Amino acid sequence: MLLAVSAASGCTIDLGLIVDVTRSIKKENVFTVKAGLAKLVQQIGVSEDGTHVSLETFDSKSTIHNYFKDTYHHNEEAVLHLIDHAIDKLSKPTRLDLALKKADEEMFTKASGDRAGVESAMVLFTDGRSHPSQTETDAYRTRVENMKKRGVRMFVFGIGPDSRKEKHQEVLRLIGGDTVFFVQDYSNLDEAIKKLADLMCPCKNSEGMDLALVVDKTASIGTENFLLLKGFILELVQGLPIGPDQTHAGIILFAKEPTLLNTFADKRYHSNEALYNLVDRIDSRLGTRTFIDKALKAANTSLFTTKGGDRSYFPNTLILLTDGRTNRASEPYANIIPSLKAKNVKIIAVGIGDYRKFQGQLEEIAGDLVFNVQDFSKISTLFNGIMSEICRLRHFSPNEVGTGTAKLTAKMVNLGEIFPDFHVRTSEGELDFHKFIEGSWAILFAHPADYTPVCTTELGCLVGMIPEFTKRGVKLIALSCDDVDTHKGWMEDIKAFIKTDLMDFPYPIIADQGRELAVKLGMVDPDEKDSKGLPLTCRAVFVIGPDKKLKLSFLYPASCGRNLHELLRVIDSLQLTATKQVATPADWEPGKDCMVLPTVKDEDLDKLFPKGVKVREMPSGKGYMRYTPHEQTE
C-alpha cells in the first residue's frame, strides 16, 4: 500500500499521468512503477485548491481512471490509492497512439476540469515500444500538437534499453522534446523523478517581475504555426506566478503596427486564469510585414512606464518572439534599445526558423540572450532555458529600498543615456516627463521631504532664480516623497519664507510617496529614513538636454543643502560646450576664457577661433593649454 507523506511543492499543476501497463513492463517492475508515480505525486502535492491529478493507463486500449474535476481525488491519499489499484494487470499490445488520442480529446479539456491558468503537464511512463509502427508518426504528431496549442507541457520517462533504440526514440522525442528522461531500468526512477519535479515548477520561488511579451503576428508564420506559438505563450503564462503582488505581464502583438492587449497596470489580468484567457482569445488572423522596431517602441512607451504600471521594486523583462527579420524600413535598433536598457529591461529574443534569416539582428536586440529553434513544433524545448533566465530575477520590497549598493545602482542613469520617461502626478496635475521637457533643457531635483527646513530654503531659492533659468530655456521640476495635497500646503510655506507675491508656484513638484521614481533613478539615501522607517530621497540633481539625454547629475546627502547658483554656472557651461569645440576650466564663469578641446587641430584654430588662441607654455613643451575668449564662442 502507498502512504501519503507529501511535502508542499509551492506550485499548482493539472498533472496527467499516462502509464504503460503492457507485458513488456514485466510484473516484477509493477511495484517500482507505482512507487515512482507515488513519489512524483508526493513531491508535487495534491489538494482541493492545489494540484489535481488524472490517471490514464494503456495497453491494447486506453482507460482514464479519473478526471481533474473529480473532487474525491483532490487529496493525496485518494490519488495514491487510485494508483495502487489501477496499475495491476499487464496486457498487450502497446497502443500509445490511443493513449495520446484520449489525453487530447478527454483528459486535457475544460470539460474534464483542466483549469485555465493552471500549469497543464502530461507525464508519460513507457518502455518505448508502441503499435502501430513507429515510423507512422503523423497520428502522434497531430495529438501532441493539439495539446501543445492548449499550453500542455509534456514529459516522457523512457524506461529500459528498448526506449533508447532509434526507432522508439523518434516518437518519444516527438512527444517530450528535450524533456525525455531515459532511465536504464525501473530501479533508477527516483533521481529522474526529482529532476522532473524541479522542471515542472521552475518559478515556484520567483518573487515576480514586470514582463512584456512581444509576439510576431505576421502572415509568414502561418496559421498552424501561430497556434503553436500561442500555445507556447500559454505555457509561459501558466508557469509564472501571476498576481497583484507578483508577476504582471503585458502583451503586444505586432505585424506592420503593434497592438497592445493590456498593460501591467490593468488589474483585470493580475491572475493566471485571466491572463491565460486573454491569450487564448487571440485570433489567428495574421498581418503583413514585420516591424519589430515599432513593437519594441510600444513596449518602451506603453508598458515600461509609470502609467503602464511598471513597478520600481520589480525587475523588468521583455521576451520577443519572431520568425524573421524586421522590415527594411524599420528604425535602427540603436535608437530604441538604449531607452529600454535605461529602464533596466532584460531582453530575451526568440527566433523560430532558419537562424540565418535573423542572425545578428536578434543579438543587436538581446545580446547573448538569443534562443533559436528550427520550427514551431519544437518551440516548447525553449521553455526551460527561458524560465531559468527570468525566474531567478529578484525584486526589492519597499522595506528593502536603499539597503544595499545593488539596489541603489540598479537603475542609475549614466551620462549620455536617454533619461527615463515616466508618467507622474504633480502639483500641477499628471504629466509625462518627456513631453514636459520637449525641446528644452530641464532640471529635475529631488528633496527628502516636505515641511523640512533645508528643502524649504532650496525650493525657495529656486523660485527666486526662475527668471535666470527661463532666460536659458530651462524647465524646472522637483520631486519629494509626499503626496500632491501635502506639496500644495508646503508651497504656501515656501512662498511665505521668501516673501513673494506670486499667486502660482512657478514649477511642478512630483508626488513620489511610494518611492517608485526615487528607486528607478537611484536617488535613495539609505541613512535618512522617515517615521515609518522608509528611506528618503537624497538631494539629487539631474540636468537633461533637449535630446532627452542626461548631461549632468549631482547626489548630495539629505543633511547638506546645495549651492543652487552652481546650477546656473553648469547650465551655461553645458549649453556653451554642446555647440562649440571648447571646454570650461575650473571656476569658470561666463565672460572668462574657455579652453580649446584637445581634439581641435592647430591648423583649424584660425578658422574656428578668429579672435585668436593663447597657448600657455608648460615644462613638458606640449601645447595643450590653449585658451580663447568666451565672447568669440557665442
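**Exercise 1. Find which cysteine is joined to cysteine 203 by a disulfide, and describe the link.**

*Step 1.* Look for a sulfur partner: a disulfide here is a pair of cysteine sulfur atoms within 2.5 Å. Cysteine 203 is joined to cysteine 391, with an S to S distance of 1.5 Å.

*Step 2.* Check the twist. The angle about the S-S bond is -75°, and the link of cysteine 203 and cysteine 391 is left-handed.

*Step 3.* See where the two ends sit. Cysteine 203 is in the loop between helix 6 and strand 7, while cysteine 391 is in the loop between helix 12 (383-390) and helix 13 (405-409); the pair links distant parts of the chain, 188 residues apart. Helices (H or I, at least four residues) and strands (E, at least two) are DSSP runs, numbered from the N terminus.

*Step 4.* Are the ends buried or exposed? Buried means under 20% relative accessible area, exposed over 50%, and partly exposed in between (1.4 Å probe, protein chains only). Cysteine 203 has 5% relative accessibility, so it counts as buried. Cysteine 391 is buried too, at 9%.

A word on the model: it is predicted, so local features need pLDDT of at least 70 and side-chain atom pairs count only at pLDDT 80 or more, while totals for chains, interfaces and linings use all residues. Residues are numbered from 1 along each chain as its sequence is written, and side-chain values use heavy atoms, with hydrogens and water left out.

**Exercise 2. Say how many disulfides the structure holds, and work out the pattern.**

*Step 1.* The structure holds two disulfides. Besides the link you just met, there's one between cysteine 11 and cysteine 201, with S to S at 1.9 Å.

*Step 2.* Cysteine 11 lies in the segment before strand 1 (13-20), and cysteine 201 in the loop between helix 6 (189-200) and strand 7 (210-216), so this pair ties together parts that are 190 residues apart in sequence. Both cysteine 11 and cysteine 201 are buried.

*Step 3.* Count the bonded cysteines along the chain and you get the pattern 1-2, 3-4.

**Exercise 3. Divide the chain into domains and look at how domain 1 and domain 2 sit.**

*Step 1.* Take the bounds, which come from an automatic or database domain assignment: domain 1 (13-200), domain 2 (210-392), domain 3 (417-565) and domain 4 (580-629).

*Step 2.* The C-alpha centres of domain 1 and domain 2 are 31 Å apart. Contact means heavy atoms within 4.5 Å; here 16 residues from domain 1 and 18 residues from domain 2 take part.

*Step 3.* Now compare with the record. UniProt, in an unreviewed entry, places "domain: VWFA" at residues 14-196 and 210-386. UniProt positions use the numbering used here, feature names are shortened, and annotations may be inferred rather than shown by experiment. Residues 210-386 are 31% helix and 21% strand, with end C-alpha atoms 15 Å apart.

**Exercise 4. List the buried residues of helix 2 and say what covers them.**

*Step 1.* In helix 2 (residues 76-86), the buried residues are Glu76, Ala78, Val79, Leu80, Leu82, Ile83 and Asp84.

*Step 2.* Their cover includes strand 1, helix 1 (30-44) and strand 2 (52-58).

*Step 3.* Look at the N-terminal end of helix 2. Asparagine 75 caps it, with a side-chain oxygen 3.3 Å from the backbone nitrogen of glutamate 77.

**Exercise 5. Trace the open sheet of four strands and place lysine 614 in it.**

*Step 1.* Strands of a sheet pair through backbone hydrogen bonds, either parallel or antiparallel. In this text two strands pair if DSSP finds at least two bridges between them.

*Step 2.* The order is 22-23-25-24, with antiparallel pairing. Strand 22 (582-583) and strand 24 (614-615) are the edges, each pairing on one side only.

*Step 3.* Strand 24 is joined to strand 25 (residues 626-628) by two bridges. Valine 615 has arginine 626 of strand 25 as its bridge partner.

*Step 4.* Lysine 614 lies in strand 24. Its relative accessibility is 55%, so lysine 614 counts as exposed.

*Step 5.* Skip neighbours within four places in sequence, and lysine 614 is in contact with Asp593, Met625, Arg626 and Tyr627. The side chains of lysine 614 and aspartate 593 make a polar contact of 3.5 Å.

Technical notes: Polar contact = N/O pair within 3.5 Å; in protein donor to acceptor, adjacent residues only side chain to side chain.
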